[in-house]
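Student: I'm new to this one. Could you show me how to read a few of its features?

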Amino acid sequence: MTAAAEQLCLQNFGNGVFIRGIVEFSNVCGCDCLYCGIRKSNRGVSRYTMNREEILSAVRSGYEAGVRSFVLQSGEAPVYTVDSFCRIIEAVHRQCSNEIALTLSVGERSRSEYRRFFDAGADRFLMRFETANPRVYALNHPGRSLESRFEALHTLKEIGYETGTGFLIGIPHEEPDDFELNLETLIAFRPHMVGLGPFVPAPQTPAAAFPPGSFEKVLQAYSRIRLALPKVNLASVTALDSLAAQGRYKALRAGANVYMPNLTPADFRKRYRLYEKKSSVDAFSGWPQILEKEMSGFGRRPLWNEIGTSPMMNEDIEKINRSGISPSATASER
Ligand code: 5AD
């Protein structure tokens, strides 16, 4: 099945791989997700928030290497006011001559905040639903519900974000049928992008002693998703490197077409530890050349200078245009 998925991916995208530079701008978090290394109750974490200049400079380093799509990720906490975060979003675009796509991964926020970030220039949003089993969701995310997670995901799509989601394979307390349920739920949502990976135990968390998710299962999930959603942008996630040597490249052979080098400066990056053995292969100077060389061993090449919009997003936009409804026509319900 992985070979068929790789084939289909090559048919749709050729051998180019979209590149997303990720900047983990803050590890401050108000959530207490059982499995997460930067959960609020983990007193062993040295907390940081990168300032505006630090964020802009991390983006600049990626831009200079040819990255045209960036992800700003943080814990779920209002470390910036909505206003000042909007100014950062605008500054990122300005600095990159409006030639980039900007993705946020900052968790559940209100519709009006999502709307304001969108209007300021955030194009895309990533937020995993983690598990489609409401019981397992509640056990892992104190004070949160699967329902509100999906409400937020639907809001993002309605506003017009290119929207990505996924789940955590091997999440603590998972039930035997959950793998199928997660896949069905993901496919039914029809995300434009997918980011899903294995659970990897994080020290100093209540889930530290749970077994990691299976690498094979992640590859199986990627293949199933590629076959069900041939044109989705499917990311090979960092956590794969914790389970297998060159794990992220191997996933490119199972249907993934997106690779996400980490652009967080080293001193912050080591404090953004969601799980153990988090990869830092992109930490060294000369990483673009290393990436090219290593990826070529898997028959693929990074697509520099491309923003890499999801073909599924383009199809959605065409549909809206054909129907004559402007996306802002639904603004009254926002
Ligand atoms: N193992 C793997 N992934 C994790 N995440 C958080 N903690 C872990 C862990 N221990 C993932 C969640 C979240 C994303 C930003 O990081 O799925 O959505």
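**Reading loops and a ligand site**

Tutor: Let's start with Ser97, which sits in the loop linking helix H3 (82-95) and strand S4 (101-105). Keep in mind that this is a predicted model.

Student: What is the phi of Ser97 near?

Tutor: First, the general idea: most residues other than glycine have a negative phi. Ser97 isn't a glycine, yet its phi is positive, near 50°.

Student: And how do I read its accessibility? What does Ser97 count as?

Tutor: Anything over 50% relative accessible area is called exposed, and under 20% is buried. Ser97 has 46% relative accessibility, so it counts as partly exposed.

Student: Which loop holds Gln204?

Tutor: Gln204 is in the loop between strand S9 (197-198) and helix H8 (215-228). Its phi is positive too, about 65°, and Gln204 is not a glycine either. Because its relative accessibility is 57%, Gln204 counts as exposed.

Student: Now the ligand. Which residues are around it?

Tutor: Among them are Tyr35, Cys36, Gln73, Arg128, Glu130, Leu168 and Leu274. The shell divides into 8 nonpolar, 1 polar and 2 charged residues.

Student: Where are the polar atoms of Arg128 and Glu130 relative to the ligand?

Tutor: Look at the distances between N or O atoms. A polar side-chain atom of Arg128 is 2.8 Å from a ligand oxygen, and an N or O atom in the Glu130 side chain lies 2.6 Å from an oxygen atom of the ligand. On the backbone side, a polar atom of Leu274 is 3.3 Å from a ligand nitrogen. As for cover, the ligand on its own has 410 Å² of accessible area, and the protein covers 87% of that.

Definitions and conventions
Residues numbered from 1 in each chain as written. Predicted model: local features only at pLDDT ≥ 70, side-chain atom pairs only at ≥ 80, totals over all residues. Heavy atoms only, no water. Near = heavy atom within 4 Å. Polar contact = N/O pair within 3.5 Å; in protein donor to acceptor, adjacent residues only side chain to side chain. Areas by Shrake-Rupley, 256 points an atom, 1.4 Å probe, with all protein chains shown as cover. Nonpolar A, V, L, I, M, F, W, Y, C, P; charged D, E, K, R; others polar. Helix = DSSP H or I, 4+ residues; strand = E, 2+ residues; numbered from the N terminus. Buried < 20%, exposed > 50% of the residue type's maximum accessible area, 1.4 Å probe, protein only.
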